Amino acid sequence: MAATLIALAVSTLYIVLTSLIAYWLRRYTIYYIRDPFVRSLFLEGIATGELCGACFELIIIADNWGVSMYGVYLFLLTIWWSMNWGEATACPYTHIEDVVEGTKSVRDAFLLIWAELVGGLVIFRYIQVLWALEIVSTHKNKAFTDCTTDLQVPVIFGAFIEGIATCIYRVVSRGLSEINSRFSTILDSFIGTTLVIAAFDYSGGYFNPALATSLKYGCLGTSFMEHVIVYWVGACAGSVASLRVYRHPIIQGYMEQYKTKTL
C-alpha cells in the first residue's frame, strides 16, 4: 500500500510540475510577445503541451489505479485548464469550427493547428526524461517501450464513437458557455469526463485530434490511415456537425426556455 501511494504521489507530482511549467511559460508569453496572433500560436502550443503531458501521466494512473481514479484526475484537471488557458483550446477542431463559421481564415486555423501539434509532439521528450528516471515502479520501462493502440473496435465504429461523443460535448459546451452559469465550468468538466470514461474501453475517448496524435500516433495496432480516420476525421466531423445540431430549433427552443426562466 505504501509503495502504491508513493507511486501515485509521484504521478501527481509530475502532473503538478507540468502544469506549473506551463503556467509560467504562459505568463512569460503573455508578457513578452506583443503580436496577438504570434502570442496565440505560443499559447496554443503551451496549452497542448500541458494537456498531453498531463494525459501521458493519466495513462499511468489508469493502468495502475483504474479508470475511476483516472476520471477524478481528469475532472479536476479540466477545471484547472478552463481557468488558466484563456482563449487557447489545445484542440484543432475548434479552429475548423471558426473557419466554417467564417470567423477565422484557413491560414490562421492551419497555423494554430500546427502550433498545437508541435506542442503535443515535443512534450513527449520531456515526459521521456521524467519516466526514464524510474523513481517508482509504475514508470519502469515506460520511457522507451512501444505503445499500443487504444482502439478496441473496428475503425468505422471508432470514428463513429469519437464523432458522436465530440458532437455531444461541443453542443453541451456551447450551450453552457451561452448560459454562463457559475456552475458551467464544473458541469462542462463533468460531462466531458463522463464521455471520456464511457468511450475509454472502445476508442480511448480522446475527442481531440492533437491529443490522440501526441499520445497514440504510431502505436502498435493502428495504421496511419486508421489513426487519421478515427481521431481526426471522426472528431472533426462530429465537431462540425455540432454547429448544425446546436442551431436546431429544438436545441434553440430549450436554450430560450432556460434563459426565460433565469430572467
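1. Start with N84 and its neighbours: leaving aside residues up to four places away in sequence, N84 touches Y23 and R26. Keep in mind that this is a predicted model. N84 sits in helix α2, which covers residues 36-84. Its side chain also reaches the backbone oxygen of W80, at 2.8 Å. Is N84 buried or exposed? With 18% relative accessibility, N84 counts as buried, because the cut-off for that word is under 20%.

2. Next, have a look at the cysteines. How many disulfides does the count give? The answer is one, and the disulfide joins C147 to C219, with an S to S distance of 1.8 Å. If the term is new to you, a disulfide is a covalent bond between the sulfur atoms of two cysteines.

3. Where do the two partners of that bond sit? The pair links distant parts of the chain, 72 residues apart. C147 is in the loop between α4 and α5 (155-179), while C219 is in the loop between α7 (209-216) and α8 (224-246). As for handedness, the torsion about the S-S bond of C147 and C219 is about -100°, so the disulfide is left-handed.

4. The two partners also get separate labels for burial. C147 has 30% relative accessibility, so C147 counts as partly exposed. C219 has a relative accessible area of 2%, so C219 is buried.

5. Now for C52 and C55. Why is there no bond from C55 to C52? The sulfur of C52 is the closest cysteine sulfur to that of C55, but at 6.7 Å the gap is too far for a bond; a disulfide needs the two sulfurs within 2.5 Å. C52 is buried, at 0% relative accessibility, and C55 is buried too, with a relative accessible area of 5%.

6. C219 turns up again in the largest cavity, where the lining is T149, D150, K216, C219, T222, H227 and Y231. This cavity has a volume of about 30 Å³, and the count of cavities of 30 Å³ or more comes to one. By class, its lining has two nonpolar, three polar and two charged residues.

7. Last, the second largest pocket, which holds about 340 Å³ of space. Its lining has 17 residues, and the closest to the pocket centre are L25, G45, I46, G49 and G119. Which elements give two or more residues to this lining? They are α1 (2-32), α2 and α4 (106-132), and α4 gives the most, with seven residues. Sorted by class, the lining divides into 12 nonpolar, four polar and one charged.

Definitions and conventions
Residues numbered from 1 in each chain as written. Predicted model: local features only at pLDDT ≥ 70, side-chain atom pairs only at ≥ 80, totals over all residues. Heavy atoms only, no water. 1 Å grid on protein atoms, 1.4 Å probe; cavity = no way out; pocket = protein on both sides within 12 Å on 5 of 7 lines; lining within 4 Å. Points joined across faces, edges and corners; volume = space filled by probe spheres on them. Nonpolar A, V, L, I, M, F, W, Y, C, P; charged D, E, K, R; others polar. Helix = DSSP H or I, 4+ residues; strand = E, 2+ residues; numbered from the N terminus. Buried < 20%, exposed > 50% of the residue type's maximum accessible area, 1.4 Å probe, protein only. Polar contact = N/O pair within 3.5 Å; in protein donor to acceptor, adjacent residues only side chain to side chain. Contact = heavy atoms within 4.5 Å.
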